[in-house]
Amino acid sequence: MNDTIAAIASGMTASGIGIIRISGPEAFHVLGKIFRTKKAADVEKMKSHTIHYGWITEEGGTSPVDECLVMVMRGPRTYTTEDTVEINCHGGPYVMRRILKLVLASGARSAEPGEFTKRAFLGGRIDLTEAEAVMDIIKARSDDALKSSLAQLSGSVRKIVTHVRSEIMDELAYIEAALDDPEHMDLTGYPEELDQRLDTICGEIGKLLRTFDEGKLIREGILTVILGKPNAGKSSLLNALTGVDRAIVTDIEGTTRDILEEQVELNGITLRVIDTAGIRNARDEIEQIGIGRAREYADRADLILAVFDAARPLDSNDREILSLIRDRKALILLNKSDLPQVLTEEDLTGSCGVPVIKISARELTGMDELAGTIRDMFFKGSLQMNEEAILTNVRHKTALDRTVKSLTYVRQSIQSGMPEDFYSIDLMDAYAALGEILGEDVGDDLVNTIFSKFCMGK
Ligand code: GDP
């Protein structure tokens, strides 16, 4: 960790500003070789956390490469905890690459993906959950995903894990001490007390674990399938949700043959919407495949949006869909409510007990009610509390599951009257599993795998 790294931190498309980031002991020195200010200021003497206007030039030469603002920051109060320089240049891919090349020629090494954040972790500024939150923020596609990632970055998961872990450590220390000094420390009654405390701890972890399903939906989006007979308005609904004319909308029955998946943000919730071919007994082979897949997706979906045409009477296709959504997480959308109504809410609710929402995919009405209903169905309002820890990471979940398992073994040992030193082994396992979440005592392999998924320059 003692060399100096550099990378382009902004996107590689033409944009207003491009950022080249340098971190490590030689960061100021590297900059000094290629940065000129009007007053020929000495880079090495610049005050920490200041911004300077000037030119990036060829090393030693006067030939200018770009006009820049440069931020200089001395460690440890920086992102990586090391000396850091950020060159804000014009955001053209060519000019950014040109400057990076100069930086590399002046003594820095090209950073690996995520290496800046890895240094923040290795430097002890953040733990592994907070490092992972950084990437989640970058990948966030909705308000809720952003909020939960920000909470994690502020230590929401770390705080709970650290707290539980220190309680386990207290027990371990107590048992150890008592076994070492049986004359002065009596363990009578201790197993029962420990059992009580472990019950509380398991409860705390259980509470966090229960947020995982919601967390996953926040992070990945709700897998949503739109079902409906041909011409009910499935493509129109998808277009209304995405706001873009992506799906082909026509009056010819059965034109939506391919399955399209679209990311939709609906009032802060992310839906991964799969638009499928109309459900009906088609003879056409291509259509058949589409329908087969529609059914398959309906089985896997988190949410089914069943679209019905309010201007046409209920037919056998509609009835088939109604039977398909019975007892599922589904919503009935009574579409084309702008037209004279042939089909009513009563025609639909009675048969399957699924809520009905009147919409018009053409006039874009009913969309807020749709969003609100989905939110109530999946999130129970718990997302309003920004500070609350929400588990979104499978790695954390797996480790917490292991913790609970180990603690359950301890409780079983207590119940079957095993000697105290038996508790220690499983308590140690629980302690280690929690440490893994924070990134303590984890192998290089795991750390490298996590950071390799980061983007360049982060
Ligand atoms: P799909 O086969 O279920 O995908 O149906 P489409 O989205 O292709 O819609 C079929 C036809 O119904 C098209 O002519 C749409 O313009 C029309 N349509 C869809 N939604 C509405 C609506 O809310 N109101 C009205 N009046 N027409 C609609």
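**Entry 1: Thr-224**

I began with Thr-224, which is buried, with a relative accessible area of 0%. The model I am reading is a predicted one. I looked up where Thr-224 sits and found it in strand β8, which covers residues 222-227. I then asked which residues Thr-224 is in contact with, leaving aside its neighbours within four places in sequence. The list I got is Leu-271, Arg-272, Val-273, Ile-274, Leu-303 and Leu-305.

**Entry 2: the chain as a whole**

I stepped back to the whole chain. I noted 16 helices and 13 strands in the protein chain. The protein chain has 458 residues, and buried residues make up 49% of them. I also looked up the contacts with a separation of 6 or more, and 68% of these are between residues 24 or more positions apart.

**Entry 3: Glu-86**

Next I turned to a charged residue. Is Glu-86 buried or exposed? I found a relative accessible area of 14% for Glu-86, and it counts as buried because the cut-off is under 20%. Glu-86 belongs to strand β6, residues 84-91. I checked its side chain for a partner and found Arg-21, with a polar contact of 3.3 Å between the two side chains. Arg-21 is also among the residues that Glu-86 touches, once those up to four places away in sequence are not counted. The others that I wrote down are Ile-19, Ile-20, Leu-69, Val-70, Met-71 and Met-73.

**Entry 4: helices α4 and α5**

I moved on to pairs of helices. How do α4 and α5 lie relative to each other? Helix α4 spans residues 128-139 and helix α5 spans residues 143-153. Their axes are 8 Å apart, and the helices pack at an angle of about 155°. The angle is over 145 degrees, so I recorded α4 and α5 as roughly antiparallel. Their crossing is left-handed.

I then listed the residues that meet. From α4 they are Thr-129, Glu-130, Glu-132, Ala-133, Val-134, Asp-136 and Ile-137. From α5 they are Leu-146, Ser-149, Leu-150, Gln-152 and Leu-153. By class, this contact has 6 nonpolar, 3 polar and 3 charged residues.

**Entry 5: helices α6 and α7**

I did the same for helix α6, residues 156-180, and helix α7, residues 190-209. Their axes come within 11 Å and cross at roughly 165°. With an angle over 145 degrees, α6 and α7 are therefore roughly antiparallel to each other. I noted a left-handed crossing for α6 and α7.

Which residues of α6 meet α7? I found Ile-160, His-163, Val-164, Glu-167, Ile-168, Glu-171, Tyr-174 and Ile-175. On the α7 side I found Tyr-190, Leu-194, Arg-197, Ile-201, Glu-204, Ile-205 and Leu-208. I sorted the residues of this contact into 10 nonpolar, 1 polar and 4 charged.

**Entry 6: Ala-433**

My last look was at Ala-433, in helix α15, residues 421-438. Ala-433 is buried, with a relative accessible area of 0%. Where residues up to four places away in sequence are not counted, I found that Ala-433 touches Ala-399, Arg-402 and Thr-403. I also looked up Ser-406, which is 27 residues apart from Ala-433 along the chain. The C-alpha atoms of Ala-433 and Ser-406 are separated by 9.2 Å.

Technical notes: Residues numbered from 1 in each chain as written. Predicted model: local features only at pLDDT ≥ 70, side-chain atom pairs only at ≥ 80, totals over all residues. Heavy atoms only, no water. Helix = DSSP H or I, 4+ residues; strand = E, 2+ residues; numbered from the N terminus. Buried < 20%, exposed > 50% of the residue type's maximum accessible area, 1.4 Å probe, protein only. Polar contact = N/O pair within 3.5 Å; in protein donor to acceptor, adjacent residues only side chain to side chain. Contact = heavy atoms within 4.5 Å. Axes fitted to C-alpha atoms, helices over the stretch in contact; angles between N-to-C directions. Parallel < 35°, antiparallel > 145°, perpendicular 65-115°, else oblique. Left-handed = near helix turned anticlockwise from the far one by under 90°. Nonpolar A, V, L, I, M, F, W, Y, C, P; charged D, E, K, R; others polar.
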